[in-house]
Amino acid sequence: MIKAVTYQSCVEFNSNLYAMEVKSRFIDQTKASGYYKGYGKELNAKTLGSIVIIESGLLCVNGRMSEIVGEENISIKLTNGMVGFVVAHSETYHPEDNDNCKFVAYTAYTLDSINLQQEDTTSRESESVNKVYELPLYSFSIENGAITNLQKLIEPIADYEKLKGLVDKTIKTANEALDTSNLAKEKSELASEASNNAVIAATNATDIAIAAKTNAEKSAVNAEQAATECLEALNKAIEKGGTVIEVNGEIQSKYDATDVMKSDDTFVFDGGGA
């Protein structure tokens with residue numbers, strides 16, 4: 001037995017508005033269908049000969065809710081090579097009976113060739129004009145005179161769980177990106193510090209080179225000054241007399257000290273007593 005919940009046969013109210021309210025709870029309102037987890041046996045199915053048996057549960061078909069109180073038996077015409085759907089067939093306008101939702105089976109040689117009715121069961125018109133929406137619950141194949149490959153197609157209603165999972169995943173991805181960014185920032189700061197240290201070291205090396213050059217120039221000036229003073233003293237000694245200069249073994253009576261410094265000759269000089 002299927003007990004109607006959001007249909008006119010229950011109480012006098014606008015069931016289309018209630019169905020629309022239910023539909024609004026779905027993230028994707030174009031797919032406002034599914035079964036409720038943890039209620040009954042969650043529409044689990046099994047086969048017995050040519051029959052598909054769907055067990056208890058609560059389902060929503062495009063915003064319209066129905067409860068499966070016991071077991072529903074759906075007979076299948078067994079034709080080898082065919083495939084099919086077990087469908088929840090929901091109708092909106094049955095004010096005097098409980099035939100608002102029933103399970104039926106359709107078969108064909110391909111699933112794509114099975115055309116399902118999927119009208120808007122939340123429209124205002126559905127209160128007075130019968131609207132039909134068919135939701136595939138299971139698919140199956142027929143082989144060797146038996147029902148095979150029975151697969152559950154209806155999914156649990158868990159839009160907000162899916163959304164939370166998506167949000168959690170997004171947050172995790174954002175945190176990982178932030179960690180990566182922070183790590184890159186730390187590496188950049190270390191590189192900047194190393195670069196600054198290199199600049200400081202280069203500056204210090206330049207300062208040292210400049211100081212060395214200055215000292216070398218000072219030393220050269222001092223050496224030149226000392227040589228000049230020596231030349232001047234030697235010239236004075238020569239002019240004064242008493243100084244003997246021997247060039248290549250020959251004693252010279254007079255020799256310019258400047259020539260001595262520039263000459264390649266071998267010379268010896270005796271300062272005497274001057």
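Strand S4 (residues 51-54) pairs with S7 in the antiparallel sense, over four bridges. In this predicted model, Ile51 of S4 lies opposite Ser75 in S7, and Ile53 lies opposite Asn73 in S7. On the other pairing, S3 and S4 run antiparallel and are joined by four bridges. Here Lys46 is the residue opposite Ile53 in S4. Ile53 thus has Lys46 opposite it in one pairing and Asn73 of S7 in the other.

S3 and S4 make a hairpin with two residues between them. Gly49 is in the turn and has a positive phi of about 65 degrees.

Taken together, the three strands form an open sheet in the order S3-S4-S7, with antiparallel pairing. Its edges are strand S3 (45-48) and strand S7 (72-75), each of which pairs on one side only. Neighbouring strands of this sheet are turned against each other by 25 degrees on average, direction ignored. Strands of a sheet pair through backbone hydrogen bonds, either parallel or antiparallel.

**Strand S8 and its partners**

S8 pairs with S10 in the antiparallel sense over nine bridges. His89 is opposite Glu134 in S10 in this pairing. S8 also runs antiparallel to S9, and eight bridges join the two. Gly84 has Thr107 as its bridge partner in S9.

S8 is mostly covered, with nine of its nine residues buried. Val83, Phe85, Val87, His89 and Glu91 point one way from the strand, while Gly84, Val86, Ala88 and Ser90 point the other way. Both sets are buried, including His89 and Glu91.

The strand pairings described so far are listed here.

| Strands | Sense | Bridges |
|---|---|---|
| S4 and S7 | antiparallel | four |
| S3 and S4 | antiparallel | four |
| S8 and S9 | antiparallel | eight |
| S8 and S10 | antiparallel | nine |

**Nonpolar cores**

In soluble globular proteins, nonpolar side chains tend to be buried together. The largest nonpolar core in this model has 23 residues. Ile54, Leu59, Phe103 and Leu137 have the most contacts inside this core. At least two of the core residues come from each of S4, strand S5 (57-61), strand S8 (83-91), strand S9 (101-108) and strand S10 (132-143). S10 gives the most, with six residues.

Phe103 touches Ile54, Ile68, Glu72, Ile74, Val87, Ala88 and Leu137, leaving aside residues up to four places away in sequence. Of these partners, Val87 and Ala88 point opposite ways from S8. Ile54 and Leu137 are, with Phe103 itself, among the residues with the most contacts inside the core.

Another core, of six residues, lies apart from the largest one. Among its members are Val22, Leu58, Cys60 and Met65.

**Rings**

The count of aromatic pairs comes to zero. A contact of another kind involves Tyr35: the charged end of Lys152 sits over its ring, 4.0 Å from the ring centre.

**Positive phi in residues other than glycine**

Leu43 has a phi near 60 degrees, a positive value in a residue other than glycine. Leu43 is in the loop between strand S2 (34-35) and S3. Leu43 counts as buried because its relative accessibility is 0%, and buried means under 20%.

Asn144 likewise is a residue other than glycine with a positive phi, near 50 degrees. Asn144 lies in the loop between S10 and strand S11 (146-152). With a relative accessibility of 76%, Asn144 counts as exposed, the cut-off for that class being over 50%.

**The chain as a whole**

The protein chain has three helices and 14 strands. Of its 274 residues, 30% are buried. Among contacts between residues at least 6 apart in sequence, 60% join residues at least 24 apart.

Technical notes. Residues numbered from 1 in each chain as written. Predicted model: local features only at pLDDT ≥ 70, side-chain atom pairs only at ≥ 80, totals over all residues. Heavy atoms only, no water. Pairing = 2+ DSSP bridges. Axes fitted to C-alpha atoms, helices over the stretch in contact; angles between N-to-C directions. Core = buried A, V, L, I, M, F, W, Y, C linked by side-chain atoms within 4.5 Å. Buried < 20%, exposed > 50% of the residue type's maximum accessible area, 1.4 Å probe, protein only. Contact = heavy atoms within 4.5 Å. Phe/Tyr/Trp six-rings, centres within 6.5 Å; stacked < 30°, edge-to-face > 60°. Lys NZ or Arg CZ within 6 Å of the ring centre and 35° of its normal.
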